[in-house]
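Work through the exercises below with the sequence and the structure open beside you. Try each task before reading its solution.

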Amino acid sequence: MLEFKRIRFWLIVFSLQMLLAVGIPTGLMLMLPSQELSVSLELPGLVFDNLSPDKAKEAINAFYDAIAQEGEIVLESEGKRMRIPYSSFELQIDIERVLERIEKGQYGNRFFQLIGKVGADPGMAKPELYMNEARFRDVFTDAKDFFHIEPGNAELIFAQGTLSVTPQKDGRELDIDKALQYIQKQLRTNPTVEMVLSQSMTPELFIVTEPEITTKQLQSYSQLYPIATGRVPSEKAEAFRLLTQNVQNVIIKPDEIFSFREKITPVLDPLQEHLASAVYQAVLPVEAIKIIGRESSNQPIPGIEPGLEVSLENTKDLQFKNTSKTELILLFEICDSGIWNAALAGKPGLRYGAIKTEPTKIAPSTIYSQDSSLPENWEEVKEPGKEGLLVKVYRIADEQYIKLYEDVYQPVHKIIAIGTGIKKEDIVRK
């Protein structure tokens, strides 16, 4: 028992000696002042090693100030470039978190320095970015015009009695919301990399806009209805071609009423009446087209078959309604010789026929008048007169003649003067 107490006594003594040997030096080292550390930093676009804390702060401030003041976004479109500085939307880079890391990590207790525990790593901190989003949207709303591409409608081409389709051209718009998110992400990832927005480099930022009339839509217009043909003088062929652009590829929707005056502002131009007549002849064969307004001329118009012309005098108009359940499209082909072709195209299934006119001549009456300037019983034709016409218009479908209407062109009276042989002066003398 005595021996056990002796052993325990020496164990206690030995433990106290070890505690004093280790604890006192460690306590003294913990009480020693810390030693200033150098800073090594690696951030996107910024790397330095073994700088003093003050130099490190100075370098970081200069680096991010330069980005905020001199950085810019480059826009590229159709071979053109546009630059938008970060300052235009008031970009601010808050480096307080980075500086705090340096502040915490620049000093450490001497003991921890010796064993490699030196505090926070400033390289793990990233700056905060702020921008005026309202200003950003204003700036990029203006920039939308830089990228804007207007969509182009597909077109039906009517040539030599056949149809083909000119493909649509898709438009393009910049999505400002996506552009904002992309730029914020890029700035946080690496603000030093040149930021370029373009269709080829950042296609995800753009919205593709389809035209009103698509290629797929026109490819369903496979039916070409009866073709109307006429002629204008060859020297007016180009002017007539330009005039037809007002109604070329015009789509007439179900239950829509077409008005020629809405497509063209009428002027005293015979070509306009010729064009209105061509449109009329193109739609007349289709049974689903209901003619609402059309008046004939007082006399036949040269170059247009009587009974098929349209008068635009005063406030007259050509109006018709598409009573079918499918769209129809108006097409023209103009040759340099002045020959024109006009037709409706659409989906198959509509009933149509050929248009036939049946003219009947109306002989003019003869009016005789006395003329004292002529010898007695002498006859002189003062007005040769002109035959009139009665024109009946039919639509022939399935070998059936359907009378549509009839037009009357009144004859011009023939005037014959008959001499009396009596002069005015002879009458006065008597």
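**Exercise 1. With which side chain does the side chain of Q319 make a polar contact, and what else surrounds Q319?**

Solution. In this predicted model, the side chain of Q319 makes a polar contact with the side chain of D317, at a distance of 3.5 Å. Next, place the residue in the fold: Q319 belongs to strand β19. Then list its contacts, leaving out residues up to four places away in sequence, and you should find F258, S259, I291, I292 and G293. For G293, the separation along the chain is 26 residues, yet its C-alpha atom and that of Q319 are separated by 4.7 Å.

**Exercise 2. Decide whether Q319 is buried, partly exposed or exposed.**

Solution. Begin with the relative accessible area of Q319, which is 27%. A residue counts as buried under 20% and as exposed over 50%. The value for Q319 is 27%, so the residue is partly exposed. For the chain as a whole, buried residues make up 38% of the 430 residues.

**Exercise 3. Classify the ring pair of F258 and F320, and then the pair of F146 and F147.**

Solution. Two quantities are needed, because a pair of aromatic rings is described by the distance of the centres and the angle of the planes. The ring centres of F258 and F320 are 4.7 Å apart and their planes lie at 15°. Planes under 30 degrees apart count as stacked, and therefore F258 and F320 form a stacked pair. Now locate the two partners: F258 is in strand β17 (residues 257-259) and F320 is in strand β19 (residues 319-322), so that the pair links distant parts of the chain, 62 residues apart. Both F258 and F320 are buried.

For F146 and F147, the centres are 5.3 Å apart and the planes are at 80°. An angle over 60 degrees counts as edge-to-face, so this is the class of the pair F146 and F147. These two residues are buried as well. The chain has nine aromatic pairs, and ring pairs also link Y86, F89, F136 and F140 into a cluster.

**Exercise 4. Check the span of helix α5 and describe its surroundings.**

Solution. Helix α5 covers residues 133-147, which is 15 residues. The expected span is 1.5 Å times one less than the number of residues, and for α5 this gives 21 Å. The end C-alpha atoms of α5 are 20 Å apart, which agrees with the expected span. The helix nevertheless bends by about 30° at T141. At its start, a side-chain oxygen of N132 reaches to within 3.1 Å of the backbone nitrogen of A134.

Continue with the buried residues of α5, which are F136, V139, F140, A143, F146 and F147. The elements that cover them include β4 (72-77), β5 (80-85), β11 (171-174) and α6 (176-189).

**Exercise 5. Which residues touch the most other members of the largest nonpolar core, and which element supplies the largest share?**

Solution. This core has 41 residues, and the members that touch the most others are F260, L275, V279, F332 and L344. Several elements each supply at least two residues, among them α8 (237-244), α10 (270-283) and β20 (328-334). The largest share, eight residues, comes from α10. As a last step, take L275, whose contacts beyond four places in sequence are F240, L243, T244, V247, F260, I264 and F332. There is also a second, separate core of 37 residues, which includes L46, I60, F140 and I176.

Terms used: Residues numbered from 1 in each chain as written. Predicted model: local features only at pLDDT ≥ 70, side-chain atom pairs only at ≥ 80, totals over all residues. Heavy atoms only, no water. Core = buried A, V, L, I, M, F, W, Y, C linked by side-chain atoms within 4.5 Å. Buried < 20%, exposed > 50% of the residue type's maximum accessible area, 1.4 Å probe, protein only. Helix = DSSP H or I, 4+ residues; strand = E, 2+ residues; numbered from the N terminus. Contact = heavy atoms within 4.5 Å. Bend = angle between axes of the 7 residues up to and from the residue. Polar contact = N/O pair within 3.5 Å; in protein donor to acceptor, adjacent residues only side chain to side chain. Phe/Tyr/Trp six-rings, centres within 6.5 Å; stacked < 30°, edge-to-face > 60°.
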